[in-house]
Amino acid sequence: MTARRIFGVETEYGITCAQPPAAQGHEQQAITADDAARYLFRRVVALGRSSNVFLRNGARLYLDVGSHPEYASAECDDVHQLVVNDRAGERILDEMTEEANGLLAEEGIAGTIHLFKNNVDSAGNSFGCHENYLVRRRRDFPAMGEALVPFFITRQILTGAGHIRPRAGGGASYAFSQRADQMWDAMSSATTRSRPIINTRDEPHGDAELYRRMHVIVGDSSVAETTTMLKVGMTELLLAVLEDGVKIRDLVLAEPMRAIREISHDTTATVPVELATGRRLSALDIQEELHARVRGHLDAEGRAAELTAVQQKVLELWERGLRALRTQDHSLVETELDWAIKGRLLERYRTKHTLGLDDPRVARLSLAYHDISAVRGLAPSLVARGLMARITTDEEIADAVTHPPASTRAKLRGDFVAAAQERRRDITVDWVHLKINDAAQRTVVLKDPFSPVDDRVDALMAALRT
């Protein structure tokens, strides 16, 4: 499929500062999440006079509500490119964490700041991973959203991060998703009050006559690159099929919020939920049907040959993930899908030490899976041992830390930010606007997210040099 689409991922990170027990007779300064966040963003604020900045790579970095560091990737037009840019965000925040820990040590404060790419903390607070898909502006957007809700609710059986879920009467069980229990609405313009699956606020960050943004806030944060690839890639394919006119409204769920929880808690993916038509299908049934319709449409239209290499990988992993669940042979995906990778890790640890799933040591191991640290996190060692797959290279990630995607509007923004920083010029930047803060107040509005070239920006860059 050759049609381009713009993607973006916004990831909120959990933050904490682990401190050793204080020596007897000595008081120890407690480091709260707010304190840790201030150390984390100290250099950012010093350079940009704000904790909300755009970077040279076109991305946005800021401190969100609840002291959650958030990284919003630059606009990408390829799923592989997006995975690379998402990993670049991890690299940037890991470097900030190490610098913040160095500041703590310099000030004689015992403690280590950790950032976690997960979605729930020990107190039950939830923070998100939001996906953005640029779609053509159509009058049937609400209907498209309604049709997509069953897909997003059932997608967790493939792309969930895995979650140790405490039971009310004691003990714990393993669930697909950390995010599922935190959702309260199918579609809404709110983000925190009702926490919907699809946020319908009309904020396209582009030409509003041509585009809308499909803002999805139900997904788990993904540690494995292949899970990120699948999460975004399968959504891209289904959106393309819907835009071609294929109907999937016969899969609408009778009680979406009840279904999302029941599906998360059923790790066989086979317990039926009720559809609005009265039929009863399992999450596995629904995903198999959706995969078949996407595959069937591509074959019928003769477009399967147009798929990129990444899209082909997505379709194959989508099918193989469903087969792993249907056969209960998780070895088919145990290095590629987060819930399976983490589940295998926890099960081996529990077996070795004869521990229950609710043991605090198991919880610590689960949390370490999400630690983004190149030193303290588990992902690098899992990759080195062949227990977690990768699709990017270290060189790609290093380049994406400082360079924006070359094929989208992000290049204009990133180059403008870099030029202003090098010349110590005061600017204002958001997703659409580039402005030099001088007497002339020169501003360029970038309505086309697909375009990496613009003569007006060239002129603005020339003005920076004067």
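**Notes on the predicted model: rings, cores and a few buried polar residues**

1. Let's start with the rings: there are 6 aromatic pairs in the structure. Bear in mind throughout that this is a predicted model. One of the pairs brings together phenylalanine 176 and tryptophan 339, with ring centres 5.3 Å apart and planes at 90°, an edge-to-face arrangement. Along the chain these two are 163 residues apart: phenylalanine 176 sits in the loop between strand E9 (172–175) and strand E10 (185–188), while tryptophan 339 belongs to helix H9. Both partners are out of the solvent by the usual count, since phenylalanine 176 has 1% relative accessibility and counts as buried, and tryptophan 339 is buried too, at 4%.

2. Next, a tilted pair. Tyrosine 211 and phenylalanine 450 have ring centres 6.0 Å apart and planes at 55°, so this pair is classed as tilted. Tyrosine 211 is in strand E12 (residues 211–216) and phenylalanine 450 is in the loop between strand E17 (443–445) and helix H14 (455–465), so the pair ties together parts 239 residues apart in sequence. Tyrosine 211 and phenylalanine 450 are both buried.

3. There is also a ring cluster to look at: Phe151, Phe152 and Trp318 are linked by ring pairs. Trp318 turns up again in the largest nonpolar core, which has 88 residues; Trp318 is among those touching the most other members, along with Leu148, Ile157, Leu158, Ile197 and Met214. Helix H4 gives this core its largest share, 10 residues. Apart from this core lies another one of 29 residues, including Ile31, Leu55, Met96 and Leu104.

4. Which residues does isoleucine 157 touch, leaving out those up to four places away in sequence? The list is Phe176, Ile263, Ala269, Ala283, Leu284, Gln287, Leu322, Leu325 and Trp339. Note that Phe176 and Trp339 are the two partners of the edge-to-face pair in point 1.

5. Helix H8 deserves a paragraph. H8 covers residues 309–327, 19 in number, and spans 27 Å from its first C-alpha to its last, close to the 27 Å expected at 1.5 Å a residue. Its buried residues are Val310, Gln311, Val314, Leu315, Leu317, Trp318, Arg320, Gly321, Leu322, Ala324 and Leu325. Those residues pack against five helices by name: H3 (79–106), H4 (141–159), H5 (225–243), H7 (283–300) and H9 (338–353). Right after H8 comes glutamine 328, with a positive phi near 60°.

6. Helix H12 (residues 394–402) makes a nice contrast for discussion. Ile397, Ala400 and Val401 are its buried residues. Looking down the H12 axis, they fall within an arc of 110°, so they line one face of the helix. What do the buried residues of H12 pack against? The partners are H3 and H5, and both of these helices also pack against the buried residues of H8.

7. Now two buried polar residues, beginning with glutamate 243 in helix H5. Is glutamate 243 buried or exposed? Its relative accessibility is 12%, and the cut-off for buried is under 20%, so glutamate 243 counts as buried. The side chain of glutamate 243 makes a polar contact of 2.9 Å with the side chain of arginine 5. Beyond residues up to four places away in sequence, glutamate 243 touches Arg5, Val135, Arg136, Arg138 and Met144.

8. The other is histidine 297, in helix H7. Histidine 297 counts as buried because its relative accessibility is 12%. Where does its side chain find a polar contact? The partner is the side chain of aspartate 244, at 2.9 Å. Setting aside neighbours within four places in sequence, histidine 297 is in contact with Val241, Asp244, Val246 and Arg303.

9. Last, a loop residue. Leucine 355 lies between H9 and helix H10 (360–369). Despite the loop setting, leucine 355 is buried, with a relative accessible area of 9%. Not counting residues up to four places away in sequence, leucine 355 touches Tyr349, Arg350, Arg361 and Val362. For a sense of the layout, the C-alpha atoms of leucine 355 and threonine 154 are separated by 31 Å, with their positions 201 residues apart along the chain.

Definitions and conventions: Residues are numbered from 1 along each chain as its sequence is written. This is a predicted model: local features need pLDDT of at least 70, side-chain atom pairs count only at pLDDT 80 or more; totals for chains, interfaces and linings use all residues. Side-chain values use heavy atoms; hydrogens and water are left out. Helices (H or I, at least four residues) and strands (E, at least two) are DSSP runs, numbered from the N terminus. The expected span of a helix is 1.5 Å times one less than its number of residues. Buried means under 20% relative accessible area, exposed over 50%, partly exposed in between (1.4 Å probe, protein chains only). Contact means heavy atoms within 4.5 Å. The arc is that of the directions from the helix axis to the C-beta atoms. A nonpolar core is a set of buried Ala, Val, Leu, Ile, Met, Phe, Trp, Tyr and Cys residues joined through side-chain atoms within 4.5 Å. A polar contact is a pair of N or O atoms within 3.5 Å; within protein, one must be able to donate a hydrogen and the other to accept it, and residues adjacent in sequence count only if both atoms are side-chain atoms. Rings of Phe, Tyr and Trp (its six-membered ring) pair if their centres lie within 6.5 Å; planes under 30 degrees apart count as stacked, over 60 as edge-to-face and the rest as tilted.
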